[in-house]
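Student: I have a structure to go through and some questions about it. Can we take them one at a time?
Tutor: Sure. Put it up and ask away.

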Amino acid sequence: VGLHFRLRSRATALLSASLLSFAAAPAFALLLGDQSLVNPLSILAHAATAALMLMGLLTHLSRPNPKVALVLLAVSALGAAIGLLVPLQGSVYLGYSVFFVAALVVILSHRESFVREAGGSFASAVVLASFGLLFNLARVFSPALIAGMPAQLFQITLSVLFGLYLLMLEFNVAFIALHREQDRYRTLFDAAGDIILVSDFEGNVLAANQGTAERLGYPHEKLLTMRVMDIDAPADANRVGERMEAIRTQGAAVFESEHVCASGTHIPVEVNARLTQWGGQPAVLGVIRDITERKHSEETIARMAYYDPLTGLANRRLATDRLNQAIEHASRTDERVALLFFDLDHFKTVNDTLGHTAGDTLLIAVGDRLSELVRTGDTVARLGGDEFMLLIVDVSSKEAVATVAWKILEALRQPFLLCDQEIHVTASMGIAVFEPGASSSAVELLCDADIAMYKAKDRGRDTYQFHDPALNAAAVERFNLKTDLRRALESNELSVVFQPQVSVSGLTIVGAEALLRWHHPGRGPIAPEEFIPLAEESGLIGTIGRWVLHEACCQAHAWRDAGFVDLRIGVNVSGRQFTAVGFADEVAALLAETGLPASCLELEITESIAMRHSESIATVFCELDAIGVRVAIDDFGTGHSSLERLASFPIHTLKVARPFIQAIETDEAQSAIARSIILLANSLRLNVIAEGVENERQLQFLRETGCAQMQGFLFSPPISADDFIRLLEANAAAVAAS
Ligand code: C2E
Ligand code: CA
Ligand code: CA
């Protein structure tokens, strides 16, 4: 019957069976000719029971409710109690038997759902129903066997037990169903890969799924004590109020945010928040997705769109974008932007002879070298094939651009190792400069640079050309000088001259300063001030500096051999040379090689370099001190020395810069500076040499202020080594005579 009516539960089926049997009991008895039940009390009792059960069943059908089962139980007990008062005959037991048969049929036919939903109670249900059936059948067929009060009591007990059983079943089914339901939701809640959070409008976390604990790394219990602001990154935490308001008014909101994990790492998330009810209160349900992957792939896509997959450099599109931006920025700020455009000379040959893989490797290596050279704000791009581009923003001068261009060409000239083979590569470069106030576009600039690059190729490659012809002249000049300087050493164009340093008191030669000279075959003498910076830029200073040192030490040694043992030789050292790795070792090796005592060598380093706040400078000072070499601070007074720093260095000599000496007669302030430098040197017990002494008045000033030594045209200009030996002899004779 239960099935037929598609009743809600097995318990309901049982109830309907019992209803039918109770209702049918008197009719059954009558049918069998048993008049005993056809008395008003019995009919009333059964009818009442049946009516109540019907009511219960109807209510139960509309809404399963344990209370209904309780009422039904009470009613069955009542019915049974009435039956106790009325002497029932066999036929009525047949009616009850029908009830138990129906119960058994239902229980057995729904074995599976009974086991699933009511667990172990299936067996007890069968036993109970079978027992009830047997008992009632026994009463029908042998009333004599089971008669009297005890049997009635037994019948009541059975009814109560069965009623109880139904009650339990009802509870059980409802409870299990509820739990199953909850479990299912919980599983869904926890199994969701997303973070699911419920919070109130103040941000207090009310519920969190397992995913939250796993993704964010906070223990589940801790989460329930936190606030959404604690999970949000600071920038987002400030916006929680505003977002809550949006959810409250609009019912839902979707936004991106950043969460902070227990480990401190930040993860980007997408929050899908909506208004919900939680424990009867309005709350916010957030389904939060970790979008790290998505961000990552967005980045990858962006990378693919903007970067060259081979070298990882910017591609043409990004380069053009940056160029446009740079031009726009430069037009506002009156700055210069330089575009260096170049390709590798004979790259095709590399591809053809070594294969494309080697060609690719070379392009990657070129990209790496370029990236090392540029400043952070600059853009290096590969435009395609072997074409590269460098965008320099905030360019100070055209010379600076030329220097960068030179550096790049020079860096590319260093051999590359490909397939165990040294490959020599050069490049031809075209440069276009966006001048403040110009109206050139990115395309025009690229075009100019391209044209200039072809000019560079025409000029024999391995060089650069400015698009602007006027610029070219100066740049080419520098470029050529640098190239010539490479050759100068080998073709003996360089020489060293010596300027004597004498005592102020007796004009005795106490030493010499070695000064480098370059006699250019085409251009004649070139001033060291012009070519030393070029040597520094091109890295040639190392070789040249070593050579000067060697010449100077050899000369000093020769003077010793000629009997002038106390002479000191001063050698200028450039900043780059001074801080190059292993400089002190090099000096030590040179002294060992030439046999010159360390105390005879005085390295001159300018004040501006000595006062640079760098670890390496201090280290070199100490290393030189350890060897026993003297150090002079050159051009003293022009830089910004800190006295404290000065005193902390192991130095021996201060050289007063020429401008101070030359201003002695004309400028009060300058001569005061010269005087105080001399005083300072004396009080620090340092030797002091005045530079550029050209006349007697200057010498007189030095005498008065107590300056120990000097050099300058007054005594002698820089002269050749041979002349210097003659001067030494003459000086010795003169000193002896006086
Ligand atoms: P510096 O070290 O200050 O050298 C002194 C300069 O003053 C020399 O110029 C010298 O010829 C010049 N001079 C000497 N006496 C007088 C004088 O009475 N009046 C005037 N007007 N000038 C005088 P030079 O030889 O042209 O050298 C210029 C600078 O080049 C040097 O300045 C030094 O900084 C650098 N330099 C020269 N040789 C070398 C070298 O071998 N290595 C390095 N790194 N730098 C060098
Ligand atoms: Ca010097
Ligand atoms: Ca000097």
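Student: Is cysteine 600 buried or exposed?
Tutor: Cysteine 600 is buried, because its relative accessibility is 6% and the buried class ends at 20%. Keep in mind that this is a predicted model.

Student: How many disulfides turn up in the whole structure?
Tutor: A search of the whole structure gives zero. A disulfide is a covalent bond between the sulfur atoms of two cysteines.

Student: Then which cysteine sulfur is nearest to cysteine 600, and how far away?
Tutor: The sulfur of cysteine 553, at 9.6 Å. A disulfide needs the two sulfur atoms within 2.5 Å, so cysteine 600 is in none.

Student: What about cysteine 447, how accessible is that one?
Tutor: Cysteine 447 has a relative accessible area of 40%, so it is partly exposed.

Student: New topic, the metals. Which residues hold the calcium ion (ligand 2)?
Tutor: The protein donors are Glu513 (OE), Asn572 (OD1), Glu604 (OE) and Asp634 (OD). They lie 2.1 to 2.3 Å from the ion.

Student: How are those donors spaced in sequence?
Tutor: The pattern for ligand 2 is E-x58-N-x31-E-x29-D. Take two of the donors: asparagine 572 is in strand S16 (residues 568-572), and glutamate 604 is in strand S17 (residues 601-606). So that pair ties together parts that are 32 residues apart in sequence.

Student: Are asparagine 572 and glutamate 604 buried or exposed?
Tutor: Asparagine 572 is partly exposed, at 29% relative accessibility. Glutamate 604 is buried, at 1%.

Student: And what coordinates the calcium ion (ligand 3)?
Tutor: Asp634 (OD), Asp635 (OD) and Glu691, which is listed with OE twice. The distances run from 2.2 to 2.4 Å. Along the chain, the donors of ligand 3 follow D-D-x55-E.

Student: Where do aspartate 635 and glutamate 691 sit?
Tutor: Aspartate 635 is in strand S18. Glutamate 691 is in the loop between strand S20 (687-690) and helix H29 (696-705), so the pair ties together parts that are 56 residues apart in sequence. Aspartate 635 counts as partly exposed at 29% relative accessibility, while glutamate 691 counts as buried at 10%.

Student: Which residue bridges the calcium ion (ligand 3) and the calcium ion (ligand 2)?
Tutor: Aspartate 634. The two ions lie 3.9 Å apart, and aspartate 634 coordinates both.

Student: Now pockets. What is the volume of the largest pocket, and what lines it?
Tutor: The volume is about 1000 Å³. The lining has 36 residues. Glu513, Leu515, Pro528, Glu529 and Asn572 lie nearest the pocket centre. Look back at the calcium ion (ligand 2): Glu513 and Asn572 are among its donors.

Student: Which elements give two or more residues to that lining?
Tutor: Among them are strand S14 (509-520), helix H20 (528-538), strand S18 (630-636) and helix H27 (658-662).

Student: Let's do aromatics. How many aromatic pairs are there?
Tutor: Nine in the whole structure. One of them joins phenylalanine 498 and tryptophan 559. That pair is edge-to-face, with 5.3 Å centre to centre and 80 degrees between the planes.

Student: What parts does that pair tie together?
Tutor: Phenylalanine 498 is in strand S13 (residues 494-503) and tryptophan 559 is in helix H21 (residues 541-561), so the parts are 61 residues apart in sequence. Phenylalanine 498 is buried at 1% relative accessibility. Tryptophan 559 is buried too, with a relative accessible area of 1%.

Student: How are phenylalanine 621 and phenylalanine 649 arranged?
Tutor: They are stacked: 4.4 Å centre to centre, 25 degrees between the planes. Both are buried. They belong to one aromatic cluster with Phe578 and Phe583.

Student: What sits over the ring of phenylalanine 201?
Tutor: The charged end of arginine 248, 4.3 Å from the ring centre. Likewise, the charged end of arginine 413 sits over the ring of tryptophan 406, 4.9 Å from its centre.

Student: Last one. What is the phi of asparagine 492?
Tutor: It is positive, about 55 degrees, although asparagine 492 is not a glycine. Most residues other than glycine have a negative phi. Asparagine 492 is in the loop between helix H19 (469-490) and S13, and counts as exposed at 66% relative accessibility.

Methods: Residues numbered from 1 in each chain as written. Chains lettered and ligands numbered in written order. Predicted model: local features only at pLDDT ≥ 70, side-chain atom pairs only at ≥ 80, totals over all residues. Heavy atoms only, no water. Donors = N, O, S within 2.8 Å, 3.2 Å for Na, K, Ca; no water. Helix = DSSP H or I, 4+ residues; strand = E, 2+ residues; numbered from the N terminus. Buried < 20%, exposed > 50% of the residue type's maximum accessible area, 1.4 Å probe, protein only. Phe/Tyr/Trp six-rings, centres within 6.5 Å; stacked < 30°, edge-to-face > 60°. Lys NZ or Arg CZ within 6 Å of the ring centre and 35° of its normal. 1 Å grid on protein atoms, 1.4 Å probe; cavity = no way out; pocket = protein on both sides within 12 Å on 5 of 7 lines; lining within 4 Å. Points joined across faces, edges and corners; volume = space filled by probe spheres on them.
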